[in-house]
Amino acid sequence: MKQAAKVAGAIVGGLGLAGAATFLYANQIELKAFRVKRVRVPALPAGHAPMRILHVTDFHMTRSQRKKQRWIAGLDALEPDLVVNTGDNLGGADAVPGVLTALGPLLNRPGVFVFGTNDYFGPKPLNPLRYLTGKKRRPSTEKLPWEGMRAAFIEHGWRDATHRRLEFVAGGVRLAVTGVDDPHHELDDYDLVAGPPNADADLAIGLSHSPEPHVLDRFAEDGYDLVMSGHTHGGQVCLPFERAIVTNCGIDRSRASGLSRWTERTWLHVSNGLGTSPYAPVRLFCPPSATLIEVVPRD
């Protein structure tokens, strides 16, 4: 009996050490292992020159995250033709200066954005196990200063696509861009922007912070070429090779991050983002990322 108790104690102790080591790795190493993913989307008319889109999302920025701010600012070296920001920039009420520092040089490039719920409301403590159940969490009641951040984006020339149908040229490409407010908490109203994009556009892009199927279906039915979202964090705590356990929204786990076809015409890109809630500062088998999307002519 004593021997069995010793063995059991050793097993428990070993599991405890393994758990602590996993947390330290997920919190101190992978959480800060920022990287750039690259994908190619065949969605332009035949013979058109390619364009480069930088997709950034889910900063969940706090004032003290200097390394993240410097890394995001360095993305300007990729020389994108267009920057797309799909929301959840803020991780606290004092984070707007940090977001603007991070985006500083990128704000001088053509840009378009929609917001997520965590741009409007502050983070709150959560039970990490609740995330794994897939149940929707209610936003906090802490209001964040998103209006000032939006004003700064617009002052620099970025366009707010929230419930708007935009048309402009970037990188020599005639764009039609439409977005909705965050559908994860029923802030979207697609009927405000419903209808096919301008047929003269070279590329039609739909934006939604959360890739909820009912919104993706509407974009696809209207004929958009590419829909871009964030929100999922790629699963955040994954199995090896970035295999998501949950998506925290309505899409299936295979689409939790990366490029996929939603329909024969419409591509979906979901970024796993660059941050986490300050109350869940871990990533496992899912390092934070931004994506450089090269849009090329259709086959």
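How many bridges join strand E2 to E12, and do the two run parallel or antiparallel? Five bridges join E2, residues 51-56, to E12, and the pair runs antiparallel. In that pairing, Arg52 stands opposite Glu294 in E12. I start there and work outwards, and please keep in mind that this is a predicted model.

Confidence comes next. The mean pLDDT of the protein chain is 91, with 88% of its residues at 70 or more. One stretch to set aside is residues 7-13, where pLDDT stays under 50 and the model has zero contacts beyond four places in sequence. Where pLDDT is low, the predicted coordinates should not be read in detail.

Now the overall inventory. The protein chain has seven helices and 12 strands. Of its 299 residues, 52% are buried. Among contacts in the chain with a separation of 6 or more, 74% are between residues 24 or more positions apart.

Back to E12 and its sheet. That sheet is open, with six strands in the order E1-E12-E2-E3-E4-E5, and its pairing is mixed. E1 and strand E5, residues 159-160, stand at the edges with a single partner strand each, so one side of each is left without a neighbour in the sheet. On the other side of E12 from E2 is E1. Strand E1, residues 35-44, is joined to E12 by nine bridges, and these two run parallel. Val41 stands opposite Val295 in E12. Strand E12 covers residues 289-297, and seven of its nine residues are buried, so this strand is largely enclosed by the rest of the structure. At the far end of the order, strand E4, residues 111-113, runs parallel to E5 and is joined to it by two bridges. There, Val112 stands opposite Arg159 in E5.

The second sheet. Six strands form this open sheet too, in the order E6-E7-E8-E9-E11-E10, again with mixed pairing. Its edges are strand E6, 165-170, and strand E10, 258-261; each has a single partner strand, so one side of each is left without a neighbour in the sheet. From one strand to the next, the twist averages 25 degrees. Within the sheet, strand E8, residues 203-208, and strand E9, residues 226-229, pair in the parallel sense over three bridges. Ile205 stands opposite Leu226 in E9.

One helix is worth a look. Helix H3 spans residues 96-103, and its buried residues include Val96, Gly98, Val99, Ala102 and Leu103. These cover an arc of only 160 degrees around the axis, which puts them on the same side of H3. The buried residues of H3 pack against helix H2 (66-74), strand E3 (82-85) and helix H6 (146-155).

Finally, three individual residues, taken in sequence order.

Asp88 lies in the loop between E3 and H3. Its relative accessible area is 4%, so Asp88 is buried. What does the side chain of Asp88 reach at 2.9 Å? That partner is the backbone nitrogen of Asn118. The side chain of Asp88 also makes a polar contact of 3.1 Å with the side chain of His209. Not counting residues up to four places away in sequence, Asp88 touches several residues, among them Asp58, Phe59, His60, Gly116 and Asp119.

Asp181 is found in the loop between strand E7, 173-180, and E8. At 12% relative accessibility, Asp181 counts as buried. The side chains of Asp181 and Tyr120 are joined by a polar contact of 2.9 Å. Asp181 and His163 are 18 residues apart along the chain, and their C-alpha atoms are separated by 6.8 Å. Leaving aside neighbours within four places in sequence, the contacts of Asp181 include His163, Phe115, Thr162, Leu187 and Asp188.

Ser208 is found in strand E8. Is Ser208 buried or exposed? Its relative accessibility is 0%, so Ser208 counts as buried. The side chain of Ser208 reaches the backbone oxygen of Ser210 at 2.7 Å. Beyond its neighbours within four places in sequence, Ser208 is in contact with Val114, Val180, Pro183, Val215, Met228, Ser229 and Gly230.

To close where I began: E12 is joined to E1 by nine bridges in the parallel sense, and to E2 by five in the antiparallel sense.

Methods
Residues are numbered from 1 along each chain as its sequence is written. This is a predicted model: local features need pLDDT of at least 70, side-chain atom pairs count only at pLDDT 80 or more; totals for chains, interfaces and linings use all residues. Side-chain values use heavy atoms; hydrogens and water are left out. Buried means under 20% relative accessible area, exposed over 50%, partly exposed in between (1.4 Å probe, protein chains only). Helices (H or I, at least four residues) and strands (E, at least two) are DSSP runs, numbered from the N terminus. The arc is that of the directions from the helix axis to the C-beta atoms. Contact means heavy atoms within 4.5 Å. pLDDT is the predictor's confidence in each residue, from 0 to 100. Two strands pair if DSSP finds at least two bridges between them. Axes are lines fitted to C-alpha atoms, for helices over the stretch in contact, and angles run from 0 to 180 degrees between N-to-C directions. A polar contact is a pair of N or O atoms within 3.5 Å; within protein, one must be able to donate a hydrogen and the other to accept it, and residues adjacent in sequence count only if both atoms are side-chain atoms.
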